[in-house]
Amino acid sequence: MVVWAAAGACGSSEVEPSAGAPIESKPGVEAARADEDPSAIPEDWVWVTDARGRFEVVMPALPRSFGTGEPSTADHRTLQAERRGATFTIVSRPAMVATALEELERELASKWAVSERAPWREHGLGLTLTGRAGVVWLRALVQDERLHTLEVTGGASAVDAQRFFDSLDARAEPRRGPLHDARRGYRVEAPARMGRWRDVSGMPPLIGHRGVFDGHQFGVNVNELLLVPDPEAALDGSVTQMRREFGGQLMEIDPREFRGFPSRRLELRAGDGMYATIRLVLDGSRLYQAGVYAPSGREATWANAYVDSLAVGE
């Protein structure tokens, strides 16, 4: 459920809050956001940057994005992710700075009972709403002529809700720059903020970093292969497996070496329309992968530069 949007839309130690209970700010989470340490968030969460909405936030899963039905949908951004039955939503839209919070509160009060109200940050508002659908925790912030509204519904833990709220950074520019993992030996030029990520669904597991930038998922990971008697055959086998798992069409492949290492650069289109740009590099028994995945089916303008920024053995 999205309370304020004209849109179609941790561990066992977490304590479920009682209905209507306010969420207090936790300095540790705020400090983790401020020191720009990507590893400060759990590995199953993801940093999401939206340049059009001018915000950065951490979400508990890869988000879905929605249009709003407005004439200028690029100015109205709605992203939503789910975790353990709870829904996390952020809406960003242009707003009149002087009246945005008052208008929001009037709109909400006409549909919900406001059980808790408190200031939030310098130009924001925190509300706990109750109604037939349950409890909604909401934070709203006005900055640079935009209203950013964050909602948590569905019985989320206080820890998860607080992490989501505290992570919001209403910045006009994404945090671009190099990401270097010395332990695993890779470096990429990230177009936006990335966080640590681990996929243990296969053996051996994939370990790396990922992020979401303007709706495109991008990431880098390394897979420790057990035995590589033939590097070219190992790369071709990886490409075949990707095609099978992606369930789509191989649009292009470049088999040339990359910076002195055996490599494959490929573009794939999945059956659901997703477009992927991927660079594979093999350094001994380590298979590195940098990729950009576009659900819209349109390749990101920065995809080539990102995958070709991959440097290994560092």
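In this predicted model, strand β4, spanning residues 77-83, has six of its seven residues buried, so the rest of the structure largely encloses it. Its partner is strand β5 (residues 86-94), and the two pair in the antiparallel sense over seven bridges. One such pairing is easy to pick out: A81 has F88 as its bridge partner in β5. The turn of this hairpin is short on residues, with two between the strands, and here R84 takes a positive phi near 50°. That is worth a second look, since most residues other than glycine have a negative phi.

Further along the chain comes a run of hairpins. Strands β6 and β7 run antiparallel and are joined by seven bridges, with E116 standing opposite T128 in β7. Three residues sit between the strands of this hairpin, and R121 takes a positive phi near 55° there. β7 then pairs again, this time with β8: the two run antiparallel, with eight bridges joining them, and L127 stands opposite L138 in β8. A hairpin of two residues makes the connection from β7 to β8. How much of β7 is buried? Six of its eight residues are, so this strand is largely enclosed by the rest of the structure. In general, strands of a sheet pair through backbone hydrogen bonds, either parallel or antiparallel.

The loop between β8 and β9 has its own surprises. D144 lies in this loop and has a positive phi of about 50° although it is not a glycine. E145 lies in the loop between β8 and β9 too, and its phi is also positive, at about 60°, again without being a glycine. As for their surroundings, D144 is partly exposed, with a relative accessible area of 45%, while E145, at 55%, counts as exposed because the cut-off for that class is over 50%. A residue of strand β9 gives another picture: T149 lies in this strand and, at 0% relative accessibility, counts as buried. Its C-alpha atom is separated by 9.9 Å from that of G126, although the two residues are 23 apart along the chain.

Now for the helices. In α2 (residues 100-109), the buried residues include A100, L104, E105 and L108. These four cover an arc of only 125° around the axis, which puts them on the same side of α2. What do the buried residues of α2 pack against? Their contacts are with β6 (113-120), β7 (124-131), β8 (134-143) and β9 (146-153), so the helix meets the run of hairpins described above through these residues. Helix α3 (residues 158-167) is another story: nine of its 10 residues are buried, so the rest of the structure largely encloses this helix. Among those buried residues are the charged-class members D160, R163 and D166, along with A158, A161, F164 and F165.

A small open sheet has three strands in the order β10-β11-β19, with antiparallel pairing. β10 (177-181) and β19 (311-312) stand at the edges with a single partner strand each, so one side of each has no neighbour in the sheet. Strand β11 (residues 186-190) pairs with β19 in the antiparallel sense over two bridges, and R187 stands opposite A311 in β19.

Finally, there are the empty spaces. The largest pocket holds about 770 Å³ of space. Of the 30 residues that line this pocket, L206, N221, M242, E245 and Q289 are the closest to its centre. Which elements each supply at least two residues of the lining? They are β12 (195-199), β13 (206-213), β14 (216-224), α4 (231-246), β17 (275-283) and β18 (286-294). Sorted by class, the pocket lining has 16 nonpolar, 11 polar and three charged residues.

The largest cavity contains about 50 Å³ of space. It is lined by 11 residues, of which T49, F55, R171, E173 and P174 are the closest to its centre. β1 (46-50) and β2 (55-59) are the elements that give two or more residues to the cavity lining. By class, this lining has four nonpolar, one polar and six charged residues.

How values were computed: Residues numbered from 1 in each chain as written. Predicted model: local features only at pLDDT ≥ 70, side-chain atom pairs only at ≥ 80, totals over all residues. Heavy atoms only, no water. 1 Å grid on protein atoms, 1.4 Å probe; cavity = no way out; pocket = protein on both sides within 12 Å on 5 of 7 lines; lining within 4 Å. Points joined across faces, edges and corners; volume = space filled by probe spheres on them. Buried < 20%, exposed > 50% of the residue type's maximum accessible area, 1.4 Å probe, protein only. Pairing = 2+ DSSP bridges. Arc of directions from axis to C-beta. Contact = heavy atoms within 4.5 Å.
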